[in-house]
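User: Hello! Could you teach me how to read a structure like this, one feature at a time?

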There are 2 protein chains.
Amino acid sequence: MASALRRAGLKVTPQRLSIVTALAHDDTHPTAQELFERLRGSVPAVSFATVYNTLDALARVGLMSVLRLGGPARFDPNTQPHHHAVCDGCGAVVDLPVPSLAPSAEAEAVVRAAAPGFVVARDERTFRGLCARCHARQAETRPGEGRRTKSP
Amino acid sequence: MASALRRAGLKVTPQRLSIVTALAHDDTHPTAQELFERLRGSVPAVSFATVYNTLDALARVGLMSVLRLGGPARFDPNTQPHHHAVCDGCGAVVDLPVPSLAPSAEAEAVVRAAAPGFVVARDERTFRGLCARCHARQAETRPGEGRRTKSP
DNA sequence: ATGATTGCAAACTCTTTGCATCCTT
DNA sequence: AAGGATGCAAAGAGTTTGCAATCAT
């Protein structure tokens with residue numbers, strides 16, 4: 001873990017280790033704020049700025065990915081290609097395995113037709129909708145009407 | 001056009017009309033700032049707050065869609081389901097026709113497996129990469145190395 | 001007449017930065 | 001020792017809001 005940092009040319013500091021380890025055991029895609037609050041009481045306390053700086057550094061070297069979906073950025077330790085389901089009600093983000101949704105040659109063709117010369121690096125797919133809980137809550141509140149969220 | 005507003009329960013004001021018409025002839029997905037600057041000199045001048053308020057109102061009634069890709073929100077008059085190609089270099093956004101990329105039953109199945117009970121409303125697909133111009137610029141600058149952007 | 005809409009400026013949220021100090025290499 | 005990293009606080013983006021005046025219906 002520390003070696004991954006060193007390999008990427010980043011110095012290994014206690015703050016960075018605590019951030020990396022906290023994120024490693026987390027699939028909730030926390031925001032910087034959430035991460036900061038969780039680490040406040042840690043032995044190696046981190047400042048808010050360091051959370052941002054570190055996450056930025058980690059993302060830059062590919063040890064972390066950033067989800068910018070509107071509202072605060074969310075951080076995702078999963079650096080493998082994958083997609084997301086985002087709840088419009090509560091903002092929850094769930095990772096989706098990618099295998100069967102791999103970027104197709106067909107998709108590339110569509111891009112090329114609309115944007116000649118465009119070189120596709122990533123195919124990000126986001127399924128928006130309502131998670132089970134929000135869907136149930138919506139149904140009991142106002143049957144047949146959509147719930148609206150505002151972000152950020 | 002005015003009738004679309006009325007039908008949606010929104011009052012027809014000169015500001016709204018100028019915003020709607022400005023956006024209608026625009027496929028560059030402008031930000032609120034860009035839209036505001038473009039409308040400054042218009043006959044019915046609009047304030048910055050009104051741009052935001054109006055775009056919010058329009059989006060809420062489905063006459064407009066909002067793209068939150070990190071950085072300032074971008075506005076898209078295209079309310080038909082479609083996808084986007086986003087350039088990591090210059091931030092340009094290009095609309096992609098959707099037909100052949102329609103949300104598949106397979107995709108729904110993947111979502112359901114990872115997030116039981118999740119109801120998919122939209123399948124947003126974003127192809128990130130480099131547009132022709134940025135790709136060429138990158139190649140001449142530092143062959144073989146990626147360009148990084150930071151947003152917002 | 002009535003209530004939505006406008007506009008201004010101030011408040012807010014999220015993110016980045018300057019700079020002195022500290023720590024990893 | 002040298003340069004990156006930290007932490008604080010302050011500055012910057014981007015967005016939202018309170019409130020009085022104004023306008024569409």
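**Two copies and two DNA strands**

Analyst: Gladly! Chain A can be laid on chain B with an RMSD of 0.1 Å, using a turn of 180° and a shift of 0.0 Å along the axis. The two copies are thus related as by a two-fold rotation axis. For this, copies are superposed by least squares on the C-alpha atoms of residues with pLDDT of at least 70 in both. Before we go on, some ground rules: this is a predicted model, in which local features need pLDDT of at least 70 and side-chain atom pairs count only at pLDDT 80 or more, while totals for chains, interfaces and linings use all residues. Residues are numbered from 1 along each chain as its sequence is written, chains are lettered from A and ligands numbered from 1 in the order in which they are written, and side-chain values use heavy atoms, with hydrogens and water left out.

User: Which residue of chain A comes closest to the rotation axis?

Analyst: That is A:Arg125, whose C-alpha lies 2.2 Å from the axis.

User: How many residues of chain A are in contact with chain B?

Analyst: Contact means heavy atoms within 4.5 Å. By that rule, 46 residues of chain A touch 44 residues of chain B. We can also ask about buried area, the accessible area (1.4 Å probe) that two parts lose on being put together, summed over both. Chain A and chain B bury about 3,600 Å² between them, and 58% of it is on carbon and sulfur atoms. On the chain A side, A:Arg68, A:Phe118 and A:Arg128 lose the most area to chain B, together 17% of what that side buries. Finally, 96% of the interface residues of chain A are also interface residues in chain B, so the copies meet through the same surface.

User: Into which domains is chain A divided?

Analyst: Domain bounds come from an automatic or database domain assignment. Here, residues 1-79 form domain 1 of chain A and residues 80-143 form domain 2. Their centres, taken over C-alpha atoms, are 24 Å apart. Eight residues of domain 1 of chain A are in contact with 10 residues of domain 2 of chain A. Between them these domains bury about 720 Å², with 46% of it on carbon and sulfur atoms. In domain 1 of chain A, the residues losing the most area to domain 2 are A:His29, A:Leu69 and A:Asn78, together 57% of what that side buries.

User: Now the DNA. Which residues come nearest to DNA strand C?

Analyst: A residue is near a strand if one of its heavy atoms lies within 4 Å of it. DNA strand C has 23 residues around it, and A:Arg6, A:Tyr52, A:Ala73, B:Thr13 and B:Arg16 come nearest. Of the strand C atoms within 4 Å of the protein, 79% belong to sugar or phosphate and the rest to bases.

User: What polar contacts does DNA strand C make with A:Arg6 and B:Lys11?

Analyst: A polar contact here is a pair of N or O atoms within 3.5 Å. An N or O atom in the side chain of A:Arg6 is 2.9 Å from a phosphate oxygen of DNA strand C. The side chain of B:Lys11 has an N or O atom 3.2 Å from a base nitrogen of this strand. For B:Ser47, a backbone N or O atom lies 3.0 Å from a phosphate oxygen of DNA strand C.

User: And which residues are closest to DNA strand D?

Analyst: DNA strand D is surrounded by 23 residues, the closest being A:Thr13, A:Arg16, A:Ser47, B:Tyr52 and B:Ala73. Its atoms within 4 Å of the protein are 80% sugar or phosphate, the rest belonging to bases. A polar side-chain atom of A:Thr50 lies 2.9 Å from a phosphate oxygen of DNA strand D. B:Arg6 also has a polar side-chain atom 2.9 Å from a phosphate oxygen of DNA strand D.

Conventions:
Polar contact = N/O pair within 3.5 Å; in protein donor to acceptor, adjacent residues only side chain to side chain.
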